[in-house]
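Please work through the exercises below with the sequence and the model open beside you. Each task is followed by a solution that goes step by step.

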Amino acid sequence: MATLGHISGAGAPKGPGGSKMNPAQAQDFLRRGYRAMQRGDFHEAGGCCSLVLKHFPKAKEAHFLVGLIGIESGDWATAKQAFRNVVSLDEAHTAGWAQLARCCVTMGQYNLAEKALHNAVATGTDDPLVMDVIGNVYSLLGDQKTALEWFDGAASKAKTAFFELSRAKALTFLGRLDEARHALEAVLHEKPDAALAHWMLGRLRTAEGPEHIAAMEAISVRVPDAHPDAPFLHYAIGKDYEDLGRWDEAFKAYNAGAVARRKLVNHDEAAEEALFDSLQELLTKNWFDAQKDGYSDAAPVFVVGQPRTGTTLIERIMTAHSDVESAGELQQFGMAIKRVSEMSSPRPMTAEIVKKAAGADMKALGDLYLNTTRAVRGSSPRFVDKLPVNYLYLPFIAAALPNAKIVHIVRDPMDSCFASYKQLFADAYYHSYDQEEMARHHVRYRKLMDRWRHVLGERILDVAYEDTVADIEPNARKIIDFLGLEWQDACLSFYEQKSAVTTASAAQVREAAHTRSVGRWKKFEKHLGPMQSVLNTAGLLKLPV
C-alpha cells in the first residue's frame, strides 16, 4: 500500500477530542481499514476512510481504499466516484485509472471505460496486480487476446495461482483449452483447495473416473454452505457425476449447489412479477403502433431467450458470416432505458422504470444504445447483442431500432429449466436456484413472449433449439436470410471460428452441433417433480394424466 508520508502534518485539522491526526496515524487507520475490508467488515473499513479523509481530504490512498470497499461490497457507483477522485488528485495513478475502467465497464459505460483504460495503459505499470486489473477490463470489453497479454505479463512477474487463474479464464474464452487446463492444473498444484479452479477444470473436460470427485468431496466437507466456495465445489462435483452417468449422485450435488448458492443471493420474486405485469400492461400493440420513428441503424441483431437454451450456438452461426460480429452479452439496452427514464435502481429493471420509460422518446433511446455500444461492436455491417434477458424489452427495442433484427431461441421447457438449475451463474438468474421458482419464472417468460409476438408479429424470428441441432443447414439458412444477408457456407462450420466466447458455453461451442442435450432432463426426471408440476399446471408440458 502506498504511504501517506508526502502529506504534511503541519496545520492538520483537529480530530475528535481536539487531537490532531498526523500522517503516521492516518497510515495506521488505512492499514486498519484494509484489514477490515479483507475480513468483510465494510462498516469499519469505511469508517477508517472517513476519518482519514476528514483530516486529509486529498489523501488519494484513502480514496483508493473507498473504491476497493465499494467494489468488494458491490457498490459500484461509490467505487467509480472514489477512483475518479484518485485520478483527479494524481493523473499518473495507473491503478486508479485501471480500477476506474473496471467500474465503468462493470456498469456498462463502455466508452468511459475505454478512456480510463487508455490512460491506465499510457501511464504504465510494473505491478502485476494492476496488470491483472487491466487484463480483466480488456476481457470485459471483449478483447480476450489483449487481456491474455496482460495476464501473461502479470504471471511473468509473479508466478502465483492468482494470475494463472486469470490466464486460464482468457485461454478458455479463446478456445485454447489444453493451455487453459495446464494453467488450472498449475493453480491446483499451488492451491489444491481452489474451488473456482476445480469448477473451471470440470467444465473443460469430460470426467473419465471418480478421482477428481473424491478430491473435491474431501474439500467440500470442510467448506460450510454459507462460504462462497461451496457452490463451485458442489456444481463441479455434479458435472463430473453427470459425465460418468451417475445421475442420482449428480442431482444430489447440483441440488446442494443450488441450496448453497441461494444462501448467498437474494431473489425477490414479487418484484419480478410486478415487472412482468407492468411490461404487459404498458407495452401493448396500441402503444407500439403509436410510437414515432426510431433510430434507423440496421446494425443490431438481438439474440434473446432463456439462458442455456442455445443462444450462443445461434450467435456463432451468425458470426461465422463475414458481415456479422459478436458484441457479447451487453447490458446496454436496459441501461439506456434507465437513462431515458431518468431513473436509477440497484435492480437491473423495475416496474417503476418501465412506466416512466414507456413515455420516453424511442429515437433517443435507440441513439443512446448505439452510442454506448460503439466501443464493443466492431466495424462489420451487423453486430450481435446476445444478452438473453433482452427479451423483456422487445417492444422498446423494436420501437427504438425499427431496423434491428430480433431472434428468439425456443427450447423444451423442462430442458430449459433444468439446464439453468444445474448451472452456476455469476450475478444473474437468481431464480434458477429453486425448482419451483425456476419453473414459475419460465411460465412468466413464456406468457410474455406470447404477448410480444402479438405486439410485434414478424419482427421476431423464433428458432427452435431442437430443430437446429437436429438439422442445422435449413435452420442456419433461415437465420441468415432473416438477417438480410447472402448465404455463406462458413455458417455451417461455425465451430471452427477462432474468435472468443465469453459465456458458459465457451468450451461446448468449439464442437459441431449435437443432440446430446435434447431431452437431457429425463435422466433426472424422478428428482424434478416440483419443476415439472409447475410447468404442467401452466399447460407447458404434454404429460399423461
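**Exercise 1. Decide whether Phe163 is buried, partly exposed or exposed, and do likewise for Phe162.**

Solution. Start with the cut-offs: a residue is buried under 20% relative accessible area, exposed over 50%, and partly exposed in between, with a 1.4 Å probe and protein chains only. Phe163 has a relative accessible area of 5%, so Phe163 is buried. Phe162 stands at 46% relative accessibility and therefore counts as partly exposed. Before going on, note that this is a predicted model, in which local features need pLDDT of at least 70 and side-chain atom pairs count only at pLDDT 80 or more, while totals for chains, interfaces and linings use all residues. Residues are numbered from 1 along each chain as its sequence is written, and side-chain values use heavy atoms, with hydrogens and water left out.

**Exercise 2. Find how many aromatic pairs the structure holds, and classify the pair of Phe64 and Phe83 and that of Phe162 and Phe163.**

Solution. Rings of Phe, Tyr and Trp (its six-membered ring) pair if their centres lie within 6.5 Å, and planes under 30 degrees apart count as stacked, over 60 as edge-to-face and the rest as tilted. The structure holds 19 such pairs. In one of them, Phe64 and Phe83 lie 5.2 Å apart, centre to centre, with 70° between the planes, an edge-to-face arrangement. This pair links distant parts of the chain, since Phe64 belongs to helix α3 (residues 60–73) and Phe83 to helix α4 (residues 76–89), 19 residues apart; helices here are DSSP runs (H or I, at least four residues), as strands are (E, at least two), numbered from the N terminus. Phe64 and Phe83 are both buried. For Phe162 and Phe163 the ring centres are 5.2 Å apart and the planes stand at 90°, so this pair is edge-to-face. Ring pairs also join Tyr235, Trp247, Tyr254, Phe418 and Phe524 into a cluster.

**Exercise 3. Check the length of helix α8 against its expected span, and say what covers its buried residues.**

Solution. The expected span is 1.5 Å times one less than the number of residues. Helix α8 (residues 144–157) has 14 residues and should therefore span 20 Å, and its end C-alpha atoms are 20 Å apart, which agrees. Among the buried residues of α8 are Leu148, Trp150 and Phe151. Their cover includes α6 (110–123), α7 (128–140) and α9 (161–173), where the test is contact, meaning heavy atoms within 4.5 Å.

**Exercise 4. Explain why Cys104 forms no bond with the closest cysteine sulfur, and give the count of disulfides.**

Solution. A disulfide is a covalent bond between the sulfur atoms of two cysteines. The rule applied here asks for a pair of cysteine sulfur atoms within 2.5 Å, and by this rule the count comes to zero. Cys103 is in no disulfide, the nearest cysteine sulfur being that of Cys104, 6.8 Å away. Seen from Cys104, the closest cysteine sulfur is in Cys103, and 6.8 Å is too far for a bond. Cys103 counts as buried at 0% relative accessibility, and Cys104 is buried with a relative accessible area of 2%.

**Exercise 5. Describe the surroundings of Glu242.**

Solution. Glu242 is found in helix α13 (residues 229–243). At 5% relative accessibility, Glu242 counts as buried. Once neighbours within four places in sequence are left aside, the contacts of Glu242 are Trp247, Ala250, Tyr254, Lys422, Arg520 and Phe524.

**Exercise 6. Identify which residues touch the most other members of the largest nonpolar core.**

Solution. A nonpolar core is a set of buried Ala, Val, Leu, Ile, Met, Phe, Trp, Tyr and Cys residues joined through side-chain atoms within 4.5 Å. Of the 150 residues in the largest core, Phe333 and Phe396 touch the most other members. Helix α23 (residues 435–456) gives the largest share of this core, nine residues. Not counting residues up to four places away in sequence, Phe333 touches several residues, including Phe302, Leu365, Tyr369 and Phe396. Apart from this core lies another, of 24 residues, among them Val303, Leu313, Ala320 and Phe494.

**Exercise 7. Locate Arg308 and Tyr429, and state the sign of phi in each.**

Solution. Most residues other than glycine have a negative phi. Arg308, however, has a positive phi near 65°, and its place is in the loop between β1 (300–304) and α17 (311–319). Tyr429 has a positive phi near 55° and lies in the loop between α22 (413–421) and α23. Arg308 is partly exposed, with a relative accessible area of 22%, whereas Tyr429 is buried, with a relative accessible area of 18%.
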